[in-house]
Amino acid sequence: MNDSFQYINDSNIIYDDFIDKNKNVIIFCTGYLNIELIISLLSELKKSNINVELIVTHNDYVKFFSKYFRSYYNHLWNLWDKPQCFDHIYDIRGILLEKKYLKELIKKINYKIDSRIIFFGRDFVSRDIYLINYLKQKNQIFYLETGHLISSNRDLSLKGIIKEKFLRLIYGNTFTYQKFDNDYFTRISNDFFNNVKMYKIDNNEIGNIFNVKKIIKIHNEIKIIFFDVPFFPKHINDDVHLLKIKILSKLNSILKKKNIAIKFHPGRKNFKKHDYYNQISKLGTIVPDYIPSEMIDYNQCKLAIGFGSYTLSKRSIGSVQGVCLTKLVGWDEETEGEIIKQVQESNNNIYFPKNFTFW
């Protein structure tokens, strides 16, 4: 399958391949990591007066695109406006309601025939792959992969096989059920990519190849940006929360609140209802969480602090000194090692403190 990829080292490679003035376009936006790519495509499509439909997976995307790029598309809608209808794989009534809702989603698609479809993610798929598989019948599909896939394996335990069969019953047979450490997720099968035009780009090169301007600049008084991550990896962790409070409190003893910006992770509606959110919010100036970190200009900052994601990449913080707190969290060695490697590959200007005394 890897041999089928066309590697992108020039944005015109995908522009020339993908853009046809006689074809409508549907773009699936399922992750913030690909926002710059999508904006770049929207800009080129607008120049050619092509009709565009944006299908997104969160209302934060709706807010972002409708506020900053309203004139770049014809249709914008969220396929997760309604939560998943079933709670578990034995919820027969919920599964039937989900199947019914999927039919309703198909009716919402505006450009069903003879269009060009592009999507970006292979993992954590459900409603999106159902719609993409439907569209594959009468449209040309394009896939753009960034970075590396998680080194997971198909879950072949009895429970995993049953879960995969149930999910396939709902969303189609075009994915497998994967396991990585204690995490489980769906991944599009290799067979799906037959007759799909496939591109690949190194995540670290996106900012160089697709030149997208920053949308906003944070206030000149802000000297430190703190990137919060609410889940480790998916649960609220008391020890990590106390670490955040300790660090932010220390910063408040050195600087004024107006000098410290806090950027919460987007799409964490439930976390905002938690006391932890309120406790952290009091310790700095809040930067809009629905705007991707890569689209914000932090150049006047002196320091960026985070827990090990692409928010600390060169794409995001530029030449600002970064501090990654991964070694203070207490992850297992394998997880810690993978995160550190990812951060170092995206930015060579990062410090990894081993204890709190680095202050």
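Which residue takes a positive phi of about 105° just after α6? Keep that question in hand while we walk through the model, which is a predicted one; the reply comes with helix α6 itself.

1. **Helix α6 and its end.** Helix α6 runs over residues 158–171, 14 residues in total. From its first C-alpha to its last, the helix reaches 20 Å, close to the 20 Å expected at 1.5 Å a residue. And here is the reply to the opening question: Gly 172, just after α6, has that positive phi of about 105°.

2. **The two faces of α6.** Try colouring this helix by burial. Gly 160, Glu 164, Leu 167, Ile 170 and Tyr 171 are its buried residues. These residues are on the same side of α6, because they cover an arc of only 125° around the axis. A general rule helps here: an α-helix has 3.6 residues a turn, so residues three or four places apart point the same way. On the face turned away from the buried side you will find the exposed residues Leu 158, Lys 165 and Leu 169. What do the buried residues pack against? Their partners are two helices, α4 (92–108) and α5 (127–135), together with the strands β7 (153–154), β8 (175–180) and β9.

3. **The largest core.** Next, look at the nonpolar interior. The largest nonpolar core holds 79 residues, and the ones with the most contacts inside it are Ile 14, Phe 18, Ile 27, Ile 35, Phe 64 and Phe 65. Helix α2, residues 35–47, gives the most to this core, with seven residues. Another core lies apart from it and has 35 residues, including Phe 5, Ile 109, Phe 119 and Tyr 177.

4. **Two core residues to click on.** Ile 27 sits in strand β2, residues 25–29. Is Ile 27 buried or exposed? With a relative accessibility of 0%, Ile 27 counts as buried, because buried means under 20%. Beyond residues up to four places away in sequence, Ile 27 touches Ile 38, Leu 42, Leu 45, Val 52, Glu 53, Leu 54, Ile 55, Ile 118 and Phe 120. Ile 35 has its own set of contacts: leaving aside neighbours within four places in sequence, they are Cys 29, Tyr 61, Phe 64, Phe 65, Pro 292 and Met 295.

5. **A six-stranded sheet.** Follow the strands in the order β14-β13-β12-β16-β17-β18 and you trace an open sheet with parallel pairing. Its edge strands, β14 (285–287) and β18 (350–351), each pair on one side only. Inside the sheet, β12 (residues 224–227) and β13 (residues 260–263) pair in the parallel sense over four bridges. To see one of the bridge partners, find Ile 224 and look across to Ile 260 in β13.

6. **Salt bridges.** Side chains of opposite charge can pair when their charged atoms come close. This structure holds 10 salt bridges, and three make a nice tour. In one, Lys 197 and Asp 17 meet at 3.3 Å, N to O; Lys 197 is in strand β10 and Asp 17 in helix α1 (residues 11–18), so this pair links parts of the chain 180 residues apart. Lys 197 is partly exposed at 29% relative accessible area, and Asp 17 is partly exposed at 30%. In another, Lys 47 and Glu 44 have their closest N and O atoms 3.1 Å apart. These two are about one helical turn from each other, because they are three residues apart in helix α2. Lys 47 is exposed, with 62% relative accessible area.

7. **A buried charged pair.** The side chains of Glu 145 and Lys 200 form a salt bridge of 2.7 Å, N to O. Glu 145 belongs to strand β6 (residues 140–146) and Lys 200 to strand β10, so the pair ties together parts 55 residues apart in sequence. Both of these residues are buried.

8. **Two asparagines with positive phi.** Asn 49 is not a glycine, yet its phi is positive, about 55°. You will find Asn 49 in the loop between α2 and β3 (52–56), and it counts as exposed at 68% relative accessibility. Asn 195 also has a positive phi, near 65°. Its loop is the one between β9 (183–188) and β10 (196–201), and Asn 195 counts as exposed at 75% relative accessibility.

Notes:
Residues are numbered from 1 along each chain as its sequence is written. This is a predicted model: local features need pLDDT of at least 70, side-chain atom pairs count only at pLDDT 80 or more; totals for chains, interfaces and linings use all residues. Side-chain values use heavy atoms; hydrogens and water are left out. A nonpolar core is a set of buried Ala, Val, Leu, Ile, Met, Phe, Trp, Tyr and Cys residues joined through side-chain atoms within 4.5 Å. Buried means under 20% relative accessible area, exposed over 50%, partly exposed in between (1.4 Å probe, protein chains only). Contact means heavy atoms within 4.5 Å. Two strands pair if DSSP finds at least two bridges between them. A salt bridge is a side-chain nitrogen of Lys or Arg within 4 Å of a carboxyl oxygen of Asp or Glu. The expected span of a helix is 1.5 Å times one less than its number of residues. The arc is that of the directions from the helix axis to the C-beta atoms.
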